[in-house]
Amino acid sequence: MSITSGLVEDDRVHRSVYTDPAIFELEIQNIFGATWIYVGHESQVPNDGDFITASIARQPLLMVRDKGAVHLLYNRCPHKGAQVVPEGQGNARMFRCAYHGWIFQRDGAVRTIPLDDGYEGTCIGKHSPDASMTRVANVASYRGFVFACLANEAPPFQEWLKGVDSSIDNMADRSPEGELEVTGGVLRYMHRCNWKIFLENLNDLMHPMVTHMSSSGTARSVANRHFGKGEKLPAAIEILGPFTSNYEFFEDMGIHAFPGGHSYSGGTVSIHSRYSEIDAYNDAMNAAYGEARAREIFSMNRHNTIVYPSLTLKGPIQTIRVIKPIAVDRTLVESWTFRMKGAPDELLERSILYCNLINSSANLVGPDDHEAYQRIQTGLMSEKVEWVNMQRHMGKEQPNADGGWSAMGTSDLVFRNQYRTWAAYMETAA
């Protein structure tokens, strides 16, 4: 019997799923090592020879473009096991192992083995597949977003992504050219909590008006004190203010969950739907798509989309966050900003401002959540209260047209859905 048996029920989960190091190690193997995980974006390797390093389930990887195609390799020399490319990014004609000088082509094929006659009659010679860097077997790309599955057999990618593929589509379609590109560097923020606490919080619409009173509430006070009704607000206040909208606003936003643990909150209305319009951007979108299609694209305003378990994105603000579990009580979150090709620079500037205010290690809103995460992680160590309740609006969800379920915004639907998926992964050997 698995160590996770009996820890997930329809309306609650046991506290140990957040606190037990043995369960965390099993998650790395059975979840992050067995399903589709976000690796990077094709725009990070635009030219032949461009590469970035990455990792999934502690496995070092190398994403590289060669002859127009994007390859994903295990970043390991087949000889002594040394990491071939140090962490980072760059451009290379080929890759040379710094230990014994083996040289590999950009698709991973071995090119040179020093004194290769010394391997004559063995399985590791220059013409043996075993002498090349190993490719990741299951790689898929959707609108430039690259995913990989390390398991021998991967779930059908398009079926796995169903329900949240439309969020990626909308994010890309907001570009007048229909394409995105990563811009600038990455913002990394270590959270002192289990990775699932962070992930659950993204579509927890009961917390913003309480947790973010110190940041968003202050921004609202400044706006009320210094700006008249209908007066244009600074972009920072436009971004911060909606986090403390009332309960009815978040309830009306709605919540949507899908097989595979995916979800999104919001629809036609979210905290991003009230930003000031930029005329030059509207003109570019109308010219590219026509007014009717442009209005349709703008009408989708989702708050957070979770591509379970590793990626969360905000289409209206062109940012993503990547979840990287480090330990049972440590989670590294990477925040990346995208530029929409063909859009005015004002859109990129707003996205950068948003990330600085919300997602950076020196932001204003994140510390509110960070404090809550630490309190949850600490509180869950209590042995006298064993269960975490997830009953809000239970049984009130309804099927939606995309094969999932929809409910009122403050429903615990997304948590129950995530743990159905979690239990299925954890009960299945990798």
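## The crossing of helices α10 and α11

In this predicted model, helix α10 passes helix α11 in a right-handed crossing. The axes of α10, which covers residues 279–289, and of α11, which covers residues 291–298, come within 7 Å and cross at roughly 120°. That angle makes α10 oblique to α11, because angles over 145 degrees count as roughly antiparallel and those from 65 to 115 as roughly perpendicular.

On the side of α10, the contact is made by Tyr-281, Asn-282, Met-285, Asn-286 and Tyr-289, while α11 contributes Glu-291, Arg-293, Ala-294, Ile-297 and Phe-298. Sorted by character, the residues of this contact divide into six nonpolar, two polar and two charged.

## The packing of α5 on α14

Helix α5, residues 195–202, packs with α14 at an angle of about 140°, and their axes are 10 Å apart. That makes α5 oblique to α14. Lys-196, Leu-199 and Glu-200 of α5 make the contact with Phe-415, Gln-418, Tyr-419 and Trp-422 of α14. The residues of the contact between α5 and α14 divide into four nonpolar, one polar and two charged.

## Two nonpolar cores

In soluble globular proteins, nonpolar side chains tend to be buried together. The largest nonpolar core of this model has 99 residues, and within that core Tyr-18, Phe-145, Phe-147, Leu-311 and Ile-320 touch the most other members. The largest share of this core, seven residues, comes from helix α14, which covers residues 413–426.

Leu-311 can serve as an example: not counting residues up to four places away in sequence, Leu-311 touches Tyr-38, Phe-145, Phe-147, Thr-305, Ile-306, Ile-320, Arg-321, Val-322 and Ile-323. A second core, separate from the largest one, consists of 17 residues, among them Phe-51, Cys-77, Phe-95 and Trp-102.

## Backbone geometry in two loops

Most residues other than glycine have a negative phi, and most peptide bonds are trans. In the loop between β4 (50–56) and β5 (59–66) lies Ala-57, which has a positive phi of about 50° although it is not a glycine. Arg-58 has its place in the loop between β4 and β5 as well, and its phi, near 70°, is again a positive value in a residue other than glycine.

Another loop, between β16 (301–307) and β17 (311–314), holds Pro-309. A cis peptide bond joins Tyr-308 and Pro-309, with omega at about 5°.

## Two buried positions

Ala-343 is found in the loop between β19 (330–340) and α12 (345–358). Its relative accessibility is 13%, so Ala-343 counts as buried, the cut-off being under 20%. Leaving aside its neighbours within four places in sequence, Ala-343 is in contact with Pro-176 and with Tyr-281, and Tyr-281 is also one of the α10 residues that make the contact with α11. From Asp-107, Ala-343 is 236 residues apart in sequence and 34 Å apart in space, C-alpha to C-alpha.

Gly-366 has its place in helix α13, residues 366–379, and with a relative accessibility of 8% Gly-366 likewise counts as buried. When residues up to four places away in sequence are not counted, Gly-366 touches Tyr-189 and Ile-358. Gly-366 and Tyr-189 are 177 residues apart in sequence, while their C-alpha atoms are 9.3 Å apart in space.

Terms used
Residues are numbered from 1 along each chain as its sequence is written. This is a predicted model: local features need pLDDT of at least 70, side-chain atom pairs count only at pLDDT 80 or more; totals for chains, interfaces and linings use all residues. Side-chain values use heavy atoms; hydrogens and water are left out. Axes are lines fitted to C-alpha atoms, for helices over the stretch in contact, and angles run from 0 to 180 degrees between N-to-C directions. Helices (H or I, at least four residues) and strands (E, at least two) are DSSP runs, numbered from the N terminus. Angles under 35 degrees count as roughly parallel, over 145 as roughly antiparallel, 65 to 115 as roughly perpendicular and the rest as oblique. A crossing is left-handed if the near helix is turned anticlockwise from the far one by less than a right angle, and right-handed if clockwise. Contact means heavy atoms within 4.5 Å. Ala, Val, Leu, Ile, Met, Phe, Trp, Tyr, Cys and Pro count as nonpolar, Asp, Glu, Lys and Arg as charged, and the others, Gly among them, as polar. A nonpolar core is a set of buried Ala, Val, Leu, Ile, Met, Phe, Trp, Tyr and Cys residues joined through side-chain atoms within 4.5 Å. Buried means under 20% relative accessible area, exposed over 50%, partly exposed in between (1.4 Å probe, protein chains only).
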